[in-house]
Amino acid sequence: MSNFEMLMQGFSVAFTFGNATAALVGAILGIIVGAMPGIGAAAGVSLLLPMTFKMNPTTGIIMLAGIYYGNMYGGAYSATLLNIPGDTPAVVTALDGYQLTKKGMAGKSLATGNIASFIGGSIGIVMLTIFGPLLAEVGLHFGPTEVAALIFMALTSIGWLLGDDPAKGMVAAAIGVMLSTIGIDGASGVARYSFGNLNLIGGISFVPLVIGMFGFSQVLEMMAAKDDVEMGDIKPLSIRESMLTKAELKEIFFPSVRSAVLGNLIGFLPGAGATTGSFLAYIMEKKIGKKGDKLGTGEITGVAVSEAANNAAAVGSFGPLLSLGIPGSSTSAVLLGGLMMWGLRPGPLLFESNPEFVWGLIASMYFGNLLCLVAGMGMLPFLVSFLKISKKVLIPIIMVICLVGSYSVGNSIFDMGLMMVAGVVAYYLKRQGFPISPVLLAFVLAPRLEISMRQALGISQGSGWIFFQKPISLGILLFTFTLLLLPLVQRVMKRIKAKK
Amino acid sequence: MEIAINVLMFLLGGYWVQQGITVYKFWYKGLPGSGFMPVLFGLFLMALTGFLAGIAVKKRVLETGKGAMVETQHEESKKSDDTYPSWIKPLVPAVYIMFAIILMVTVGVLPAMFLTAFIWLVGISKIKLVKSFLISLIITLCVFVVFVLWLKIPFPRGVFGI
């Protein structure tokens, strides 16, 4: 069957009452969570993950995906109105969005964000529909050697792409790998690093870990932050005043399209994510856009490129996730963990073994993206009130969700303690500039890396040369080493320039 | 703090390497053993944290020397973030969570979640009694509907049996 026919079948799955409702609920929750400053997509998806366990996997993942891309829509609200991005991808949105608010054009900025998000999301979904299955076909030719090289690349690019300090990113990735080695070794049946604790023999539970790292650590951050954000005099927004004129729509259309294409390509790269996508799109627009020199002074184009790119990148991250089983961002790593708990193994075979799941999810994105646009525009006047929820109220709410959420998966008190410890450790690591996303991405990817490496070394009877003898793995490894050396070369070049 | 974190992680890496080699075996019968991956990444972590700790120590030495005189305002403010009350304050929710876990085991999930939210709202957030009561009630209701009724999670029932 062709992709188009599969997609049509996917629509029949996506349009069942349960799945359509899940997409709607996910989209609305995502927008609300995204609009609240400082929570973010990964935390939002982590906190809501336990609520989806009793759903069937397709419905569950449709809802979680809705939360993810809904979050990208919502991130623009606090960025525009308060100059505080709801999530890191919205950092770029704040540059022009807040300036527009100062000019009394907050409604226009938010409407631009919504429309550009829709354009970005739509382009991303079309590209996912076309390239997702192609990527899966390529993945089918991968043996353990290629898979190990690919995961190795994902781990190292996580390290250097996230955060200001590449070394700290790699430390975080190493911690994630080491945490994943706790528990029974799948190959030999030996229980490793369990410290005699029965709860650790099965390994560290994913859900409490992720809720702690992203949800509870957020509570600690809120606690550390001094005061609530001053709301100032945000005027109520009306849909009519926020609507864009034809000229404005024309102005943002092409920049949104090219940013979406770039953002989507970035989203396909492991570890790059929506934040990198929106930054690069903004830089590109500054260089080639008609109003490039005016970006940052309150231009709707600035909001449009950022929002289009981060939505396209968010959707793009589903590409490697579904096709190769490699998450493109921390949020998709959370989704990968969820998929594995439902007994699904994302990777090249998923398109063949569970087509109704994959195509149902992709089809739901078309529908969900439209829902986000409608909900985002419809909720424009009301979302401001969500921004007004004080962190004094948010802290106990998130704490309660963290507690019951971490308990509910394994019905274990130990898991609640694990969540608490993970949150505290994540908080102090973040405080010292260590990014947390690589820990999670590595934790999720490491078991496959270990199995693939050991299988490859088994085939070669212990010779590491096997990784350099196969052309694909050699190519991936060369690319990875280039990525690793890049920051070093840049540093050396800077020093030489400074000496001159 | 930065030095302490790097040293701690260096030691953690060392433990992973030691256990990987001596207990789980790095290489076994000509093939990678259970300790293969832990040793590789343990060594990697040791190398990186050793490097980062070295940089942090060098920075500290420079700061305590003449360089401290020309410290920028930004660095000053960053430094003040590492003061005792600043890094200890975020631990309040962690201690509170432990209290909530004990409460959950002894009195059951619903009263525990109500009290967890209510005590925080009144005692720490300083929100008015009636408002705190209503917010806590809504949170408890949500927990009941989603986790108890819908997801049917077998939470500890505690002394009240609820």
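Helices (H or I, at least four residues) and strands (E, at least two) are taken as DSSP runs and numbered from the N terminus. The structure is a predicted model, in which local features need pLDDT of at least 70 and side-chain atom pairs count only at pLDDT 80 or more, whereas totals for chains, interfaces and linings use all residues. Residues are numbered from 1 along each chain as its sequence is written, chains are lettered from A and ligands numbered from 1 in the order in which they are written, and side-chain values use heavy atoms, with hydrogens and water left out.

On this basis chain B comprises seven helices and two strands, arranged from the N terminus as α-β-β-α-α-α-α-α-α. Of the 162 residues in chain B, 39% are buried, that is, under 20% relative accessible area with a 1.4 Å probe and protein chains only.

The largest nonpolar core, a set of buried Ala, Val, Leu, Ile, Met, Phe, Trp, Tyr and Cys residues joined through side-chain atoms within 4.5 Å, has 199 residues, and A:Met213 and B:Met113 are among those with the most contacts inside it.

In chain A, helix 22 (residues 437–459) has 17 of its 23 residues buried. The end C-alpha atoms of this helix are 33 Å apart, in agreement with the 33 Å expected at 1.5 Å a residue, the expected span being 1.5 Å times one less than the number of residues. A kink of about 40° nevertheless lies at A:Leu445, shortly before the proline A:Pro447, where the bend is the angle between axes fitted to the seven residues ending at a residue and the seven starting there. Helix 22 of chain A is followed by A:Gln461, whose phi is positive, near 55°.

Note on methods
Buried means under 20% relative accessible area, exposed over 50%, partly exposed in between (1.4 Å probe, protein chains only).
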